[in-house]
Amino acid sequence: QLEKILHWLRRYKVKGIGIHGIVGIGKTTILLNLNNHEQVAKMFDIVIWLTVSKEGSKENQTRGHLQQAVAQRLKLTMAGTSDADEIAQRIFTELEGIKYLLLLDDVKEYLNLNEIWIPFHNNGNKIVLTTRLRHVCNNKMVDKAIKVEYLSRGESWKMFQDVLGSKKLIKDERIGPLAYQVCIECSGLALLIEKVANTFKLKTTESIWSDGLNSWRMWPSQECEGIKEVALYPEDSNINIDSLLERWEADDLLGIDSDVRKVCVVIGDLVLSHLKNVSLLEEGKSDYHVTMHKFIRRVALYVLEGYPKCEHLVETNKALRERPDEECWREKKRISLGDNELDRLPNSMNCSMLSTLFLQNNLGLKNGNIPPGFFEHMKTLRVLDLSHTGITSLPSSLSFLTALKVLDLNNCEQLVELPSHIGELVHLESLDIHGSGITNLPPHIENLIFLKRLWISFGHGNDTRDVSFNYDMISKLSRLEELVIDVKSPQQLTNEVVENIMNEVATLQEFKGFRVCFPNMIVTGFSSSRYITRTATGTVRIRVPEARILLINHKDIKQLSDFGTTNMKQIRGCLVESCDAIETIMDTVGSELLPNLEQLFIKNQPLLETIWKEGPVQPGSVSKLTTLVISNCPLLDKVFPLGAIEHLCEIGNLTIEKCDNVEDIFTEADAVGNLSVLPKLKELILLDMAKLSSIWREGPLQPGSLTKLTTLILSGYRILVKVFPPGAILQLREIRYLKIEKCDEVEDIIPEADAVGNLSVLPKLEELILLDMAILSSICAIESLEWPSLEKLEIFGCPSLCRLPFNKGFYGYLFEAAGQNSHGDDQFNEEYVDPPVPPRHSFWQ
């Protein structure tokens, strides 16, 4: 189908092409392929992508929205310009005489391009649109139409294998048939096949594949009823995980008594992990968020609409100004009207069954637009989201919500106080007022005797000054378990403020968690009351055994110890990114450094010269570190300073990228006293380091060093000559994946001296990939090596490589080789396995 569309684009008489088919069938994927296609780039001066409608809407987006999208793609400065005709004229002028391809995704109705003023002259301009509705293709813009059909079983199986990427799994006589059944369950939907195959590629045993197949067959009748709640959120929402789990618990979606708090938390985490594992949920904008693909959301809503009583009303992203008919509200258990333009609500609604109500992102809801009696007949309501609305007060009928457990008022900037009747919400467990105009907790909040989680702000808007806060109210919330504070500036969090907060939370017997959120930094920690102690002098100390620090775009901090060495001892995870003033990560000499740190990520640090300050590293320092990732630090010249590596016995993953000043990774000095170097390292990835001349400089590799290494990836080394120094490869017998690319000075991979008398040099190697190696002439000079585990060999862009080191009896394994050698172009492709017969071998001849 893609080739057919490319053919039509080359034809002068074809001006418009329509692609139609059901949701999830692959229409947008075709459009994405066109957007990124080399032939398209050569045919047109510019490609313009427009998402014409929002998910769930029956109409195209407004003229103004589409104009702004086009102006943004053309990089037009429209500041201060809101007149549609003026914007249209700017677009017309900019595109006059330009040959463009206009990609219109998800068109719901006839679209008049003249209203946007996109010129459509006979200079080769083309349009390609996608739609779920066949009749949309029947207009004067479309000359050719194509329907995207379900994939056939053969096409589905081929795609499933491509995405899965593991022929070993397909060839397994037990897993192969299960894989085929999983593929069939996807019903020929390309998007679903991609998602499911990506999920199942992580499963390596028959039992796990069988469980996964059963999970897909059982949804939505399985225990993961929480997917209903996620589908209520507007399309493309980044959903805070903590808030989501609270709402599941409040609405009894976890299927147990919510009073069993610890059990709820565990089950909630398991459900969330399950939904992510089967691709019903995806990672969001941060570790604290999840999101749902629009197709999965559409399927979930379709399933909910098919329930006999249709207990859900979801009308999101539709620019609604008028609320749905009152009859539509009756007998509903969950209603979501988020991301609309509602400016009024009815005075009273008979919603005796309602448990969840989403009204977020309706800025038109202002003072007086939530009538006094609106909540009067919603006595079963448990979750209420009014976040990002224009409300200035809460109606008196709020007091009727005695069953309410979750109240979200975040970013209600016009709301400056909580009314006295909020104290009537005696079962409220979670209150979120961060980003609102509320800067003080009223005395009547102490009536919220079941409140477990409170999210507040210091200041609002652009106010970064220190603020006063009635901290004494915190200690009145006897069942509070977690406190989250948004702080606009670190200057607001003075020692006095911290001490006041700690004095309050230290009195709470149930308190477990404390989090501070800066605009570019999050400090989190979880503790129990035994970790909050007082000294004889009255000083309050808080221990945070599972803390994480994220420093992003911080302009002032120079090293982690600026937060205090005592606090640093509790840190288990740390990300430092784009903090322009940092010159070293750990600067304290003579004391134990980050003894509990497990993961360290350092990215985009222009002034970073060292990770450890010069000087002896004390015993116990970074002794629990398992993951170290360093990226784009141009001044860094040493990864491991003298004496540091002996403390890093637990590292399993090491990635270093774009550190142009680093010349070597390990040196002979690192192996003082026959010390094994990184004995537990499993994955070593080294990318694009201009000065790297060796991985190991001089001297033998000590016994036990790197013996657990299973993955080695090297890319972009202009002066690296030897991949493995003499004798080193003999200790790397666990390697399963080896990829080397763009190493311009490497002539061979395995030293001949290491292969003499040892024909099985890499006995467990499964994949060997060699790409763009200009002078590579041999993998090894000895041409009769044994490769008992090799499944895949990929070679591309190695013009000097003339022969491969395989003995004459070698056969039965899969090789993919594509590229140019001195004998011309050869390409070897594996045959796709026909289901469900056990897979056949392909032979390389």
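In the predicted model, I456 has I485 as its bridge partner in strand β16. This pair belongs to a longer arrangement, in which strand β15, spanning residues 453–458, runs alongside β16 in the parallel sense, the two being joined over six bridges. Strand β16 itself, formed by residues 482–487, is mostly covered, with six of its six residues buried. The cover extends to both faces of the strand, since E482, V484 and D486 are buried on one side, while L483, I485 and V487 are buried on the other.

A further set of strands forms an open sheet of three, arranged in the order β6-β8-β7 with antiparallel pairing. Within this sheet β6 (239–240) and β7 (282–283) stand at the edges and have a single partner strand each, so that one side of each is left without a neighbour in the sheet. The pairing of β6 with strand β8, which comprises residues 289–291, is antiparallel and rests on two bridges; in one part of the sheet, N240 finds its bridge partner in H289 of β8.

These strands are part of a protein that contains 19 helices and 36 strands. Of its 845 residues, 51% are buried, and the accessible surface comes to about 38300 Å², with 49% of that area belonging to carbon and sulfur atoms. When contacts with a separation of 6 or more are considered, 68% of them are accounted for by residues 24 or more positions apart.

Among the helices, α1 (residues 2–10) has I5, L6, W8 and L9 buried. Viewed down the axis of α1, the buried residues fall within an arc of 160 degrees, and they therefore line one face of the helix. A general feature of helices helps in reading such a pattern: an α-helix has 3.6 residues a turn, so residues three or four places apart point the same way. The buried residues of α1 pack against several elements, namely the helices α2 (27–35) and α3 (38–43) together with the strands β1 (16–20), β3 (100–105), β4 (126–131) and β5 (144–147). In helix α9, which covers residues 175–185, the buried residues are I175, G176, L178, A179, Y180, V182 and C183. Just after α9, S187 adopts a positive phi of about 55 degrees.

The largest nonpolar core has 79 residues, and the members that touch the most others are L654, I665, F666, L678, L738, I749 and I750. Leaving aside residues up to four places away in sequence, L678 touches I645, L648, I651, L654, F666 and L706. Another core lies apart from this one and has 68 residues, including C183, V196, L272 and L275; C183 is also one of the buried residues of α9.

Two histidines in loops complete the description. H647 is located in the loop between β26 (627–631) and β27 (653–657), and it counts as buried because its relative accessibility is 11%, where the cut-off is under 20%. Although H647 and V622 are 25 residues apart in sequence, their C-alpha atoms are 6.6 Å apart in space. H421, for its part, lies in the loop between β13 (406–408) and β14 (430–432), and a relative accessibility of 18% means that H421 counts as buried. With residues up to four places away in sequence left out, H421 touches L394, P395, S396, L398 and S399.

Technical notes: Residues numbered from 1 in each chain as written. Predicted model: local features only at pLDDT ≥ 70, side-chain atom pairs only at ≥ 80, totals over all residues. Heavy atoms only, no water. Buried < 20%, exposed > 50% of the residue type's maximum accessible area, 1.4 Å probe, protein only. Helix = DSSP H or I, 4+ residues; strand = E, 2+ residues; numbered from the N terminus. Pairing = 2+ DSSP bridges. Contact = heavy atoms within 4.5 Å. Areas by Shrake-Rupley, 256 points an atom, 1.4 Å probe, with all protein chains shown as cover. Arc of directions from axis to C-beta. Core = buried A, V, L, I, M, F, W, Y, C linked by side-chain atoms within 4.5 Å.
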